[in-house]
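Please look over the structure below before reading on, and keep it in view while you follow the report.

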Amino acid sequence: MPPYVPPTEQLVVEVYARDLARSQAFYCALGFEVQSAEDDFVVLAWENHRFFLEPRPDLPAPIDQPQANVRIMVPDVDRYWLIAQQLGARVIKPIENRYYSLRDFTIADPDGFGLRFGSRLIDA
């Protein structure tokens with residue numbers, strides 16, 4: 001039986017943003033691409049995977065630790081670590097080689113949603 005929808009549309013993350021323009025700029029600086037942008041909704045993409053931003057100006061201030069994060073696999077995680085540093089992103093977990101065979105880090109977006117960037121560790 002064929003899939004109901006394409007795999008890249010099966011599970012889509014939607015994030016609420018207190019300031020839609022600020023969040024869109026943040027995600028674009030990290031490498032997300034804008035597919036469409038309206039005053040009340042932004043559709044971003046990462047390698048054909050959709051990522052939605054919806055404005056919620058009434059959101060409370062971010063908490064210390066995100067309640068969730070999304071993992072984004074990249075070929076050079078150190079490059080994204082530098083971008084995150086340049087953006088002044090709040091670091092949740094600094095970059096490090098992990099026991100689960102990834103080199104990764106976790107940051108929070110402007111509203112506290114977690115983004116974990118990772119690259120596979122290659123055995124020497």
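Which exposed residues does the face of α3 turned away from its buried side carry? That face carries Leu82 and Gln86, where exposed means over 50% relative accessible area, buried means under 20%, and partly exposed lies in between, with a 1.4 Å probe and protein chains only. The model is a predicted one, in which local features need pLDDT of at least 70 and side-chain atom pairs count only at pLDDT 80 or more, while totals for chains, interfaces and linings use all residues. Residues are numbered from 1 along each chain as its sequence is written, and side-chain values use heavy atoms, with hydrogens and water left out.

**Helix α3 and its two faces**

Helices (H or I, at least four residues) and strands (E, at least two) are DSSP runs numbered from the N terminus, and helix α3 covers residues 77-87. Its residues Val77, Tyr80, Trp81, Ile83 and Ala84 are buried. They cover an arc of only 160° around the axis, which puts them on the same side of α3; the arc is that of the directions from the helix axis to the C-beta atoms. These buried residues pack against α2 (20-30), β3 (41-46), β6 (90-97), β7 (102-108) and β8 (114-120). After α3 comes glycine 88, whose phi is positive, near 70°.

**The nonpolar core**

A nonpolar core is a set of buried Ala, Val, Leu, Ile, Met, Phe, Trp, Tyr and Cys residues joined through side-chain atoms within 4.5 Å. The largest one here has 27 residues, and those with the most contacts inside it are Tyr27, Phe51, Phe105, Ile107, Leu115 and Phe117. Two or more residues are given to this core by each of β1 (13-17), α2, β3, β4 (49-55), β5 (69-73), α3, β7 and β8. The largest share, five residues, comes from α3. As for isoleucine 107, its contacts (heavy atoms within 4.5 Å), not counting residues up to four places away in sequence, include Phe26, Leu30, Ala84, Phe113, Leu115 and Phe117.

**How α2 and α3 meet**

The two helices α2 and α3 pack at an angle of about 150°, with their axes 9 Å apart. Axes are lines fitted to C-alpha atoms, for helices over the stretch in contact, and angles run from 0 to 180 degrees between N-to-C directions. The helices α2 and α3 are therefore roughly antiparallel to each other, a label given to angles over 145 degrees, whereas those under 35 count as roughly parallel, 65 to 115 as roughly perpendicular and the rest as oblique. The contact is made by Phe26, Ala29 and Leu30 of α2 together with Tyr80, Ile83 and Leu87 of α3.

**Three residues side by side**

The table sets out three residues, and its contacts leave aside neighbours within four places in sequence.

| Residue | Location | Relative accessibility | Contacts |
|---|---|---|---|
| Serine 23 | helix α2 | 0%, buried | Ala17, Leu53, Pro110, Asp111 |
| Phenylalanine 41 | strand β3 | 25%, partly exposed | Glu14, Leu20, Ser36, Phe52, Leu53, Glu54, Pro55 |
| Alanine 68 | loop between β4 and β5 | 39%, partly exposed | Phe113, Gly114 |

Positions in the sequence can also be set beside positions in space. Phenylalanine 41 and leucine 20 are 21 residues apart in sequence and 8.0 Å apart in space, C-alpha to C-alpha, while alanine 68 and leucine 115 are 47 residues apart in sequence and 8.6 Å apart in space, again C-alpha to C-alpha.
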